[in-house]
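Trainee: Could you help me learn to read a structure I have not seen before?
Mentor: Gladly; let us look together.

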Amino acid sequence: MFLDVVSKNCFTLAALIGGVSVARADTATIPASKDNTLFESVMGLDSNGAGPHVYVGKTGLSGGNRIRRGLLAFDVAGHIPSGSLVTSVTLGLTLANRANQGNQTVALHKMLASWGEGTSDSGDPGGSGVNATTGDATWIHRFYNTVFW
C-alpha cells in the first residue's frame with residue numbers, strides 16, 4: 001500500500017506591511033486552520049478529519065488503487081493586517097511516508113466551496129480512511145451527511 005502521508009504543516013507569507021509614512025517587511029507563519037482527506041471509495045463516505053496526517057496519491061493495489069486528495073485551509077485574513085501587500089508565499093509540506101523512492105509531484109488547486117473537518121480519525125498510519133462523522137468532508141460530501149459537492 002502506498003502511504004503518501006503529508007504532515008500537517010503551515011505556510012509562510014512574506015508581507016510588506018505599510019502605512020502612510022512607514023513600511024516594513026514582516027514574515028507570518030500561518031498554520032492550517034483545518035485539514036482533511038477525501039478518500040475515493042464505492043460509497044464515498046470515508047474521511048480523516050481529526051487524524052494525525054493528510055493523505056495524497058493512490059493507496060496502491062493492496063488498497064484498491066484508490067485516489068486520496070488532501071484538503072488544507074488557511075486563515076490568511078486572520079493573520080495578516082488589512083492593507084498589507086503580500087509579496088511571496090511558501091507552502092511547506094513534509095512527505096512523511098512513501099512506499100516508492102523518487103520525486104513525488106503534488107498539485108495544488110483552490111477549493112471553490114467551503115468544506116468540513118469532523119472528528120473522524122483513521123489513526124496512524126491510517127491511509128485508508130474511516131467512516132465519516134458529522135461535518136466531515138468526503139468524496140461526495142462537503143459536509144457529511146447533509147451537503148454534497
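Trainee: What pattern does the protein chain follow when read along the sequence?
Mentor: Helices (H or I, at least four residues) and strands (E, at least two) are DSSP runs, numbered from the N terminus. Here the pattern is β-β-β-β-β-β-β-β-β-β-β-β, with zero helices and 12 strands. This is a predicted model, where local features need pLDDT of at least 70, side-chain atom pairs count only at pLDDT 80 or more, and totals for chains, interfaces and linings use all residues. Residues are numbered from 1 along each chain as its sequence is written, and side-chain values use heavy atoms, leaving out hydrogens and water.

Trainee: Is K34 buried or exposed?
Mentor: Buried means under 20% relative accessible area, exposed over 50%, and partly exposed in between (1.4 Å probe, protein chains only). K34, in strand β3 (residues 23-39), counts as partly exposed because its relative accessibility is 22%. Of the chain's 149 residues, 34% count as buried.

Trainee: Which residues does K34 touch, not counting those up to four places away in sequence?
Mentor: Contact means heavy atoms within 4.5 Å. K34 touches L71, L72, A73, W115 and E117. Although K34 and L71 are 37 residues apart along the chain, their C-alpha atoms are separated by 8.1 Å.

Trainee: How much of the chain's contact picture joins residues at least 24 apart?
Mentor: Among contacts between residues at least 6 apart in sequence, 66% do.
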